[in-house]
Amino acid sequence: MSDYKNLGTHKLDTPLLLSANQALARGAIEGGVALVTGYPGTPSTYAIEALLRVPDLGFRVEWSINEKVAFEIATGVSWAGLRSLVTMKMSGLNVASDSLLSVQYSGTNGGMVIYIADDPNTYYGMVEQDSRLFARFAVAPMLTPSSPQEALDFTRRAFDLSEEIGRPVMILMTTPMANTSELVQLGEIKSFTREPSFDFDIARYAKAGPAACVQQHKDTLASLVEFGKLTDDLNPLTLTDSSVGIIASGITWNYIKEVVESNNLKPCLLKLGVSNPLPKEKIKTLLAKVDTIVVLEELEPIVEEVVLALRSEIDHPIRVVGKIDGPLSRTGDYNVDVVSSAIHDLFPTQVAKPEIPEDLSQHIQDLQVKRLVTFCSGCPHRATYYALNEAIEKLGYKKEDVIITGDIGCTILGMNDPFNACWTEISMGSSISLAQGFKYAGIKNPVVATMGDGTFFHAGIPALLNATHNKTNLTIIILDNHWTSMTGMQPHVGTEVHSTEKNKHLIKPEEIIRAAGIKNIQRVNPYQIKKIIPILMEALTSPEISIVIADAECAIQKKRGGNGGGFLKVKPEQCVGLDTCEHSCLKVTGCPAIERGEDGKAFINPDACNACGLCHHACFHGAI
Ligand code: SF4
Ligand code: SF4
């Protein structure tokens, strides 16, 4: 079992079992970091979560309001000469990217590390994005650890490298890599006594005219070349007598290592610990030695394209096995079977060809246990969407008459059965602006935008101000459960318990909404179904923008805080049975605590029920 709570104190003579996320956090401690910040985005979330559980670290660790803000705070710390780490998932990098390029070009002072976690095969939702392209786009150096030990070692070293080249250094991991655990050897903790300072230098810290901007670009390009020279040892090349060469990095390095070792293969191997810049001279050395080169990289064919370009400089023909001409896929993630299959033809007598269905993702989906992706039992969002559907129906609309835009976080689960309420999902805060677009397009019926409180603070506010300023008639529902729940219940600026405990200023959404001049705003507990339905009906028919804040704490957090508990019971004598019931509690609420009893009647699992009372409202027979 992982023992990350000892991250700050564990003795150096014995290794510690850590996930790569936790090892990266330890790397930051060893690197003498002065600030760690970020925005929750799984799988990167657990690096900061690990640090938050370590007492008395002696430096600041915080969840910021969004990735761009987190990135800028980390930049400020670095510009003042101290070391900083900022973490995010790939979609968070999109949010931070506006400042990323600017800071990369200006450069940094104290070592600054940006940890990004990509999610090939989208285990945690959103899009498949290859952040290596961002590194290339931003002329940003990027390290790619392939083990928890490397996550620690690379992170610690990344702070030094960042100071040597005067630029932020990115560290990229993918979901399986970030979650992989092993015994990790810890190193000494660096401690600095640096006085913060910052010099006036607009040629560097501002974009003071074309000459300064072009110079910054030139300096950034030069820093990347320098980074490549400093990190040559992180791209070990092993040349053998084999005419086959294999290039891999990150998690794919582990897959090929396993295949090579278990089949006693001796190919030439190039392990890429650096994803940007790529070691072109080493790749050329490898190409000069082999007839066939296999490029193992998930998602985009970035290394493969470089290999193809360099191939023309070699004086003999080289076959490239990758994803441009097959057999590897540009979507989903890889595993040992995928890698074995890709190299089977090259070592037919040694490597067995695994049976891999042509459409692997479809096959995986077919194997998955079919379960409803829904809200937790007792989740207040379930009550909100239940009430919203009721309000729409009571106003005489059919479901398909009223567009409901969804947003990122737990609230988007309203798109699934039994509510089928959210029609769209783009990015944090987009539900309001998208709804505004629908109205501009001429949709006459009410358009509803839904988002959580964390999402509202993250990116919803500018969209709200835009809709308000333009007097767009929208109904906006903020499902305020007081936490950033989807990623594991992180606090945000509106989390009351956190604000009190840590002596922080608590911000309520309505303070901002009222400041924008919106008068039509109601805060209501969604569990009070009889109260919220008329409020939603009024909002839907209002001639101006109207906001409903559905306010009830996340059921899980409420229970953890000692305020939950209790369960409801079905009176079997009054239940008409799930199959014959015209408004079955199971069907209309989708609550996972409601089960089918042996007698075909509803049964509430007391261990799962959170006593929210929604099924009580839903039952027309007074059986709950
Ligand atoms: S069983 Fe009923 S009361 Fe219990 S959590 Fe589910 S909906 Fe709420
Ligand atoms: S809604 Fe009431 S009557 Fe219908 S299945 Fe549930 S408990 Fe039984």
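How many bridges join strand E16 (residues 447-452) to E17, and do they run parallel or antiparallel? The two strands run parallel, joined by 5 bridges. This is a predicted model. The points below cover strand E17, helix H2, an open sheet and two ligand shells.

**Strand E17 and its partners**
- Strand E17 spans residues 475-480, and 6 of its 6 residues are buried, so the rest of the structure largely encloses it.
- Both faces of E17 are covered. Thr-475, Ile-477 and Leu-479 are buried on one side. Ile-476, Ile-478 and Asp-480 are buried on the other.
- In a regular strand, side chains alternate between the two faces of the sheet.
- Across from Leu-479 in E17 stands Gly-452.
- A right-handed β-α-β unit is formed by E16, helix H17 (residues 453-469) and E17.
- E17 also runs parallel to strand E19 (residues 546-551), with 6 bridges between them. Ser-546 in E19 is the bridge partner of Thr-475.

**Helix H2**
- Helix H2 covers residues 45-52; 6 of its 8 residues are buried, so the helix is largely enclosed by the rest of the structure.
- The buried residues are Thr-45, Ala-47, Ile-48, Glu-49, Ala-50 and Leu-51.
- They pack against one helix, H1 (20-30). They also pack against strands E2 (35-38), E3 (60-63), E4 (84-89) and E5 (112-118).

**The open sheet of 5 strands**
- The strand order is E9-E11-E10-E13-E14, and the pairing is mixed.
- Strands E9 (237-238) and E14 (319-321) stand at the edges; each has a single partner strand, so one side of each lacks a neighbour in the sheet.
- E9 pairs with strand E11 (residues 268-272) over 2 bridges, in the antiparallel sense. Leu-237 has Leu-270 in E11 as its bridge partner.
- Helix H11 (residues 280-289) packs on this sheet. H11 touches E9, strand E10 (244-249), E11 and strand E13 (292-296). The directions of H11 and E11 make an angle of about 165°.

**Ligand shells**
- Around ligand 1 there are 13 residues. Cys-591, Cys-609, Cys-612, Gly-613 and Cys-615 come nearest.
- By class, the ligand 1 shell holds 9 nonpolar, 4 polar and no charged residues.
- The cysteines around ligand 2 are Cys-575, Cys-581, Cys-585 and Cys-619. His-583 and His-621 are also in this shell. The remaining residues are Val-576, Leu-578, Ala-602, Ala-623 and Ile-624.
- The ligand 2 shell divides into 9 nonpolar, 2 polar and no charged residues.

Technical notes:
Residues numbered from 1 in each chain as written. Chains lettered and ligands numbered in written order. Predicted model: local features only at pLDDT ≥ 70, side-chain atom pairs only at ≥ 80, totals over all residues. Heavy atoms only, no water. Buried < 20%, exposed > 50% of the residue type's maximum accessible area, 1.4 Å probe, protein only. Helix = DSSP H or I, 4+ residues; strand = E, 2+ residues; numbered from the N terminus. Contact = heavy atoms within 4.5 Å. Pairing = 2+ DSSP bridges. Axes fitted to C-alpha atoms, helices over the stretch in contact; angles between N-to-C directions. Near = heavy atom within 4 Å. Nonpolar A, V, L, I, M, F, W, Y, C, P; charged D, E, K, R; others polar. Right-handed = clockwise from strand over helix to strand, strands pointing away.
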